Amino acid sequence: MADTHAKHHDYHLVNPSPWPVAASVAAFIMAVGAIAWMRTHVDGEGVLGVKGPWLFAVGGFAVLAAAWAWWIDVIREANQGFQTPVVQLHLRYGMILFIASEVMFFVAWFWAYFDAALFPAGVHELMNNPGQIVGLVARDELFGGHWPPAAVDPTSAIVPGYFKHTFDPWGLPLVNTLILLTSGCTVTWAHHALLKNDRRGLVIGLILTVLLGLSFTALQALEYSHAAFSFPGHSYGATFFMATGFHGFHVIVGTIFLAVCLIRAMRGAFTPQQHFGFEAAAWYWHFVDVVWLFLFACIYVWGAGAIPAGAE
């Protein structure tokens, strides 16, 4: 009887879990809430009589709660020996595929940016606030026939947004680049410390990485506050803020990911042989670093224009 529950295989057979179904229902509620929120913003009618962001907030909270409970179970399963080497390999495959999907997500924003940057004399669709196409206009009129675009006054009849000049890439953007490159070094240091069972080095490396991630987010918020172009109404601002803004969101997610790993490491979790949770966080962080290098090189440096003297 002692061997009744013993594992004689390498596969991931665990007790049935309610969390996949709960997370799916919560995600559906959040999606319906998002649609209702956007419809309410546009025409005030909402969806199925639902108005406002409260349904989205309920769904979002439910998603976080389901994820929290699910990941606790995953950690418990790892501690109970369910995550065999074969299971860990499959988890790595899953993380690789997730990062690949994230790469394609950012490809869309780079595509939008380069479409405008490489073809500034094409045709552009004009939309009103509800997102309806109200006409076509030659990009020469929008961008001045070149990229970065020509300066546009906020009162322009053609463009409802405004554009004065781009950011100086050798100011805050360069500082943020150095911060992220340094954070990549510190998380690698933490990983190597873990492989050598150096708990102190692991904790110090993670603390430094989390602090650097928080610093990046704070400096990016400061940078946004000095932007000389608008988000709505202008293609440069739209593509810039969507690309760098989603990257900033990924930095916040990665910082939380690493902060959780830090808390677990301080409580004695992870061993040199079993530490997929930390390894996944490190992979995700390196992905964030690489995306920023492309953003810095393509949008900040390659796409930089003349910066007026005395401009912030």
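# Talking through a predicted helical chain

Mentor: The secondary structure of this chain comes to eight helices and two strands, and what we have in front of us is a predicted model.

Trainee: In what order do the elements run from the N terminus on?

Mentor: They run α-α-α-β-β-α-α-α-α-α, with the two strands following the third helix.

Trainee: And how much of the chain is made up of buried residues?

Mentor: Buried residues make up 38% of the 312 residues. The chain exposes about 17,500 Å², and carbon and sulfur atoms supply 70% of that area.

Trainee: What share of the contacts comes from residues 24 or more positions apart?

Mentor: Among contacts with a separation of 6 or more, such residues account for 68%.

Trainee: Which residues does UniProt list for "transmembrane region"?

Mentor: The UniProt entry, which is unreviewed, lists several spans under that name, including residues 93-114 and 202-220. In the model, residues 93-114 are 100% helix and 0% strand, with the end C-alpha atoms 31 Å apart. Residues 202-220 are likewise 100% helix and 0% strand, and there the end C-alpha atoms lie 27 Å apart.

Trainee: Let me switch to charges. How many salt bridges does the structure hold?

Mentor: The structure holds two salt bridges. In one of them the side chains of Arg76 and Asp73 meet, at 2.6 Å from N to O. These residues are about one helical turn from each other, because they sit three residues apart in helix α2, which covers residues 54-79. Arg76 is partly exposed, with a relative accessible area of 42%.

Trainee: Which side chains meet at 2.5 Å, N to O?

Mentor: Those of Arg92 and Glu279, which also form a salt bridge. Arg92 belongs to helix α3 (residues 85-118) and Glu279 to helix α8 (residues 276-302), so this pair ties together parts that are 187 residues apart in sequence.

Trainee: Is Glu279 buried or exposed?

Mentor: Glu279 counts as buried, because its relative accessibility is 11% and the cut-off for buried is under 20%.

Trainee: What else is in helix α3?

Mentor: Gln88 is found there, and Gln88 is buried, with a relative accessible area of 8%. Leaving aside neighbours within four places in sequence, Gln88 is in contact with Gln83, Gln273 and Gln274.

Trainee: Now a histidine: where does His247 lie?

Mentor: His247 lies in helix α7, which spans residues 235-266, and His247 is buried, with a relative accessible area of 0%.

Trainee: What does His247 touch, not counting residues up to four places away in sequence?

Mentor: His247 touches Phe106, Leu180, Phe216, Val288, Val291, Trp292 and Leu295. As for Val288, its backbone oxygen lies 3.0 Å from a polar atom of the His247 side chain.

Trainee: Staying with α7, what about Ala259, which has its place there?

Mentor: Ala259 counts as partly exposed at 23% relative accessibility. The C-alpha atoms of Ala259 and Leu211 are separated by 9.5 Å, although these residues are 48 residues apart along the chain.

Trainee: And how far is the C-alpha atom of Arg200 from that of Met266?

Mentor: They are separated by 9.0 Å, with these positions 66 residues apart along the chain. Arg200 is found in helix α6, residues 199-225, and is exposed, with a relative accessible area of 65%.

Trainee: Which way does phi usually go, for residues other than glycine?

Mentor: Most residues other than glycine have a negative phi. In this model Asn197 has a positive phi, near 60 degrees, and sits in the loop between α5 (172-195) and α6. Asn197 is partly exposed, with a relative accessible area of 48%.

Trainee: What is the phi of Phe270?

Mentor: Phe270 has a positive phi of about 75 degrees, although it is not a glycine. Phe270 has its place in the loop between α7 and α8 and counts as buried at 8% relative accessibility.

Trainee: Last topic, cysteines: how many disulfides does the structure hold?

Mentor: The structure holds zero disulfides. Of the cysteines we can discuss, Cys185 is exposed, with a relative accessible area of 53%, whereas Cys298 counts as buried at 16% relative accessibility.

Terms used: Residues numbered from 1 in each chain as written. Predicted model: local features only at pLDDT ≥ 70, side-chain atom pairs only at ≥ 80, totals over all residues. Heavy atoms only, no water. Helix = DSSP H or I, 4+ residues; strand = E, 2+ residues; numbered from the N terminus. Buried < 20%, exposed > 50% of the residue type's maximum accessible area, 1.4 Å probe, protein only. Polar contact = N/O pair within 3.5 Å; in protein donor to acceptor, adjacent residues only side chain to side chain. Contact = heavy atoms within 4.5 Å. Disulfide = S-S within 2.5 Å. UniProt positions renumbered as here; feature names shortened; annotations may be inferred. Salt bridge = Lys/Arg side-chain N within 4 Å of Asp/Glu carboxyl O. Areas by Shrake-Rupley, 256 points an atom, 1.4 Å probe, with all protein chains shown as cover.
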